Number of protein chains: 2
Amino acid sequence: MEHTRERPVTMADVARAAGVSRTTVSFVLNGRSGVNIPGTTRERILHAAEGLGYRRNAAAQALASQRSGLFGLVTEIVTSPFAADVIKGAQWRSWEDNRFLLIAPSENEQMMEAAAIEKLLEQRIEGLIIAASWHQAVEVPENAHQVPCVLVHCFDESGRLPSVVPDEESGGRAAAQELLAYGHREIGHITLPPGIPAQVGRLRGFGAELSAAGVALPDHRIVAGDGTAESGYHGAAELLDGPNPPTAIFCGNDRMAMGAYDAIKERGLRIPHEISVVGFDDQQALADSLRPGLTTVALPFEEMGAAGVRKLTAMTTGSRDTSSHLALDCPLHRRSSVGFALR
Amino acid sequence: MEHTRERPVTMADVARAAGVSRTTVSFVLNGRSGVNIPGTTRERILHAAEGLGYRRNAAAQALASQRSGLFGLVTEIVTSPFAADVIKGAQWRSWEDNRFLLIAPSENEQMMEAAAIEKLLEQRIEGLIIAASWHQAVEVPENAHQVPCVLVHCFDESGRLPSVVPDEESGGRAAAQELLAYGHREIGHITLPPGIPAQVGRLRGFGAELSAAGVALPDHRIVAGDGTAESGYHGAAELLDGPNPPTAIFCGNDRMAMGAYDAIKERGLRIPHEISVVGFDDQQALADSLRPGLTTVALPFEEMGAAGVRKLTAMTTGSRDTSSHLALDCPLHRRSSVGFALR
DNA sequence: CTGTTAGCGCATTCAT
DNA sequence: ATGAATGCGCTAACAG
């Protein structure tokens with residue numbers, strides 16, 4: 001281990017070697033526009049920098065220019081299985097934009113989140129992304145407002161902060177289209193807790209698409225769930241035990257689909273031969289353990305992360321792109337739980 | 001959007017408000033040890049900082065102290081499905097250590113990797129982790145040596161750099177234990193390309209465990225694969241079509257297990273009732289699409305990421321922990337492809 | 001134990 | 001077009 005600790009070469013060194021001033025070096029190395037520097041001088045400087053092994057010092061540059069080139073992302077990285085995808089999208093986009101992304105865990109405790117943001121602010125981030133683990137209205141910590149901020153997979157009540165969310169309706173429509181394509185016309189739905197964006201959007205999109213195809217979704221075919229496997233089990237039981245049971249069930253999320261599977265199997269029905277199931281969320285670990293594999297609607301996490309950064313970039317470069325609210329499509333992820341309708 | 005751009009509060013401001021010098025403020029705010037400052041003075045300073053809304057400027061601190069508090073991680077984030085887990089582990093550990101982790105994509109092109117590291121070095125990272133997407137010997141770019149560096153999921157030929165790798169043998173043993181527990185004694189193995197660490201270790205551990213249980217693994221039960229599904233198909237075919245076919249097959253990786261599934265189903269055999277299969281890698285997307293779910297050995301990515309950071313921390317704090325090579329256990333991930341032996 | 005002084009490496013305004 | 005001067009906010013000797 002011999003990281004030879006020679007004094008690092010600075011711009012001054014380069015300037016001296018090239019026989020020009022530090023200013024000139026700075027201009028050349030940063031490709032400053034609006035300045036015309038003789039080609040030979042340019043060459044000489046570049047060559048000297050190369051030869052000396054000059055490397056820019058980001059901290060010094062940040063301090064002097066008051067721009068860190070950093071974005072921050074706060075998310076529940078350790079507890080949320082989705083966070084990784086948001087990070088991936090945001091990270092990739094940041095890198096492409098020639099910026100680094102600083103990640104800080106929030107883990108849902110309001111205090112921790114503010115503290116995490118505080119640390120990011122110490123790093124003088126130029127923009128902040130706050131990502132939630134489920135589509136909801138959030139209370140943004142006060143200190144988040146000290147820098148351009150965009151919300152991902154959430155939004156603030158007041159609507160002042162720009163946000164990137166999944167288009168839940170598009171997901172509902174995708175689910176409906178799939179079931180319709182397989183000939184289903186007797187369809188049931190188990191909802192999420194009433195009022196939350198996911199519940200409202202998924203149901204609305206689903207209902208609209210069915211309706212457009214002339215298929216009814218009567219009230220008795222819509223049973224209320226609460227997002228748990230338990231409620232999925234009971235919801236499915238209710239749908240199946242009633243008169244004229246549906247040939248397909250669209251579950252508001254994968255966890256409920258899991259419960260529905262149990263109720264279905266308990267009744268000796270086979271998926272997808274006798275009944276089809278579509279979930280929502282595309283939770284790997286879950287769809288992984290279900291037999292047969294669950295066809296489900298995915299949330300566009302990676303895209304949301306990338307879109308968040310893109311919006312931030314637009315904001316920090318002053319482009320008045322305050323088309324604040326972006327909703328991204330939720331694509332269907334086919335596995336094996338949808339089959340042709342028997343009736 | 002009114003991020004009021006007042007002049008940020010500096011230490012000088014705090015010092016003035018508290019009626020002390022900047023040095024004293026610096027000492028107090030950084031909890032500098034070995035200095036005894038009157039409790040009242042401390043209070044006064046802390047209070048002033050709080051009141052003025054002082055926030056440390058990381059760039060300035062980094063510049064002056066020559067320590068950035070940053071670690072770098074180079075990995076194939078966009079193309080490798082495993083990278084996210086390494087990042088998660090490393091990110092979490094870094095945060096706990098009060099450091100930020102800077103991520104840079106390598107995507108396997110040697111040139112890009114050096115360039116990525118170069119950017120990290122501009123940020124004056126204090127340590128670097130290079131993570132590979134498969135267990136291999138790597139050629140470390142020259143510039144990586146300018147800072148403490150640890151390799152994750154790979155190692156350098158010369159053995160000079162510390163590394164954290166999976167204990168492939170432990171994985172082989174885990175696979176053997178599972179099959180033995182289910183009563184199998186006629187077992188086949190499809191190997192990875194000969195010579196690579198994963199091939200050597202997995203086979204060795206597997207063979208050793210069987211041998212310890214008095215079960216033979218004759219040469220004709222070991223067929224050479226190359227890691228592709230195609231080779232898994234052919235390998236399984238060879239094992240099944242020979243005289244005295246095995247009741248279980250341990251595949252060197254999940255992709256080959258996938259191919260093996262095809263050969264098995266083609267011959268009318270049912271998994272796990274008539275034949276058991278164990279894979280290696282625990283590739284979500286793959287195990288996800290296989291029916292029945294594949295029981296497979298997982299690589300400890302998250303742990304490796306965390307261990308990498310821990311090692312880096314030890315190195316940068318001077319602790320002479322040059323117990324350079326760390327190998328972490330590979331645990332079995334049970335799904336549904338292992339059943340009781342018929343014979 | 002506290003304050004004074006001098007950089008850290010770079011950007012930038014203002015002369016030349 | 002280039003160079004000199006100044007400051008970004010903080011740390012770290014060294015004095016007092």
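Let's start with a charged pair that joins two chains: B:Arg55 forms a salt bridge with A:Glu118, and their closest N and O atoms lie 2.8 Å apart. The model is a predicted one, so please read each distance here as a value computed from it. Side chains of opposite charge can pair when their charged atoms come close. Across the interface of chain A and chain B there are 3 salt bridges, alongside 14 residue pairs in polar contact, both partners being at pLDDT 80 or more. On the side of chain A that touches chain B, the elements giving two or more residues are α4 (58-65), α5 (83-96), β2 (100-105), α6 (110-122) and α11 (284-289) of chain A. Sorted by class, that side of chain A holds 25 nonpolar, 10 polar and 11 charged residues.

How many residues does each chain bring to this contact? Chain A gives 46 residues and chain B gives 46 residues. The size of an interface is often given as the accessible area lost when the parts come together. Here chain A and chain B bury about 4700 Å² between them, with 57% of that on carbon and sulfur atoms. Three residues are worth finding on the chain A side: A:Arg55, A:Trp95 and A:Phe100 supply 16% of the area that chain A buries against chain B, more than any other three residues.

Next, turn to the empty spaces. Rolling a probe the size of a water molecule over the atoms shows where empty space is left. A search of the whole structure turns up 4 cavities of 30 Å³ or more, and the largest cavity encloses about 170 Å³ of space. Both chains help to line the largest cavity: from chain A come A:Ala58, A:Ala59, A:Ala62, A:Ser68, A:Leu70 and A:Gln123, and from chain B come B:Ala58, B:Ala59, B:Ala62, B:Ser68, B:Leu70 and B:Gln123. The elements giving two or more residues to this lining are α4 of chain A and α4 (58-65) of chain B. By class, the lining of the largest cavity has 8 nonpolar and 4 polar residues, with no charged residues.

There is also an open space to visit. The second largest pocket has a volume of about 1300 Å³. It is lined by 40 residues, and the closest to its centre are A:Pro81, A:Asp85, A:Gln284, B:Pro81 and B:Gln284. At least two lining residues come from each of α5, α11 and α12 (301-316) of chain A, and likewise from each of α5 (83-96), α11 and α12 (301-316) of chain B. The lining of the second largest pocket divides into 19 nonpolar, 9 polar and 12 charged residues.

A few details of the backbone deserve a look too. Where do the cis prolines A:Pro292 and B:Pro292 sit? In chain A, the peptide bond from A:Arg291 to A:Pro292 is cis, with omega near -5°, and A:Pro292 is in the loop between α11 and β10 (295-298). In chain B, a cis peptide bond joins B:Arg291 and B:Pro292, with omega about -5°, and B:Pro292 is in the loop between α11 (284-289) and β10 (295-298). Another residue to check is A:Gln66, whose phi is near 65°, a positive value in a residue other than glycine. A:Gln66 lies in the loop between α4 and β1 (70-75) of chain A.

Finally, back to charged pairs. Over all chains, the whole structure has 27 salt bridges. One of the pairs is A:Asp13 with A:Arg16, whose closest N and O atoms are 3.3 Å apart. Both A:Asp13 and A:Arg16 belong to helix α1 (residues 11-18) of chain A, where they are 3 residues apart, about one turn of the helix.

How values were computed:
Residues are numbered from 1 along each chain as its sequence is written. Chains are lettered from A and ligands numbered from 1 in the order in which they are written. This is a predicted model: local features need pLDDT of at least 70, side-chain atom pairs count only at pLDDT 80 or more; totals for chains, interfaces and linings use all residues. Side-chain values use heavy atoms; hydrogens and water are left out. Contact means heavy atoms within 4.5 Å. Buried area is the accessible area (1.4 Å probe) that two parts lose on being put together, summed over both. A salt bridge is a side-chain nitrogen of Lys or Arg within 4 Å of a carboxyl oxygen of Asp or Glu. A polar contact is a pair of N or O atoms within 3.5 Å; within protein, one must be able to donate a hydrogen and the other to accept it, and residues adjacent in sequence count only if both atoms are side-chain atoms. Helices (H or I, at least four residues) and strands (E, at least two) are DSSP runs, numbered from the N terminus. Ala, Val, Leu, Ile, Met, Phe, Trp, Tyr, Cys and Pro count as nonpolar, Asp, Glu, Lys and Arg as charged, and the others, Gly among them, as polar. On a 1 Å grid over the protein atoms alone, a cavity is a set of points where a 1.4 Å probe fits but cannot get out, and a pocket is an open set with protein on both sides within 12 Å along at least five of seven lines; lining residues have an atom within 4 Å of a point. Grid points are joined across faces, edges and corners, and a volume is the space filled by probe spheres set on the points.
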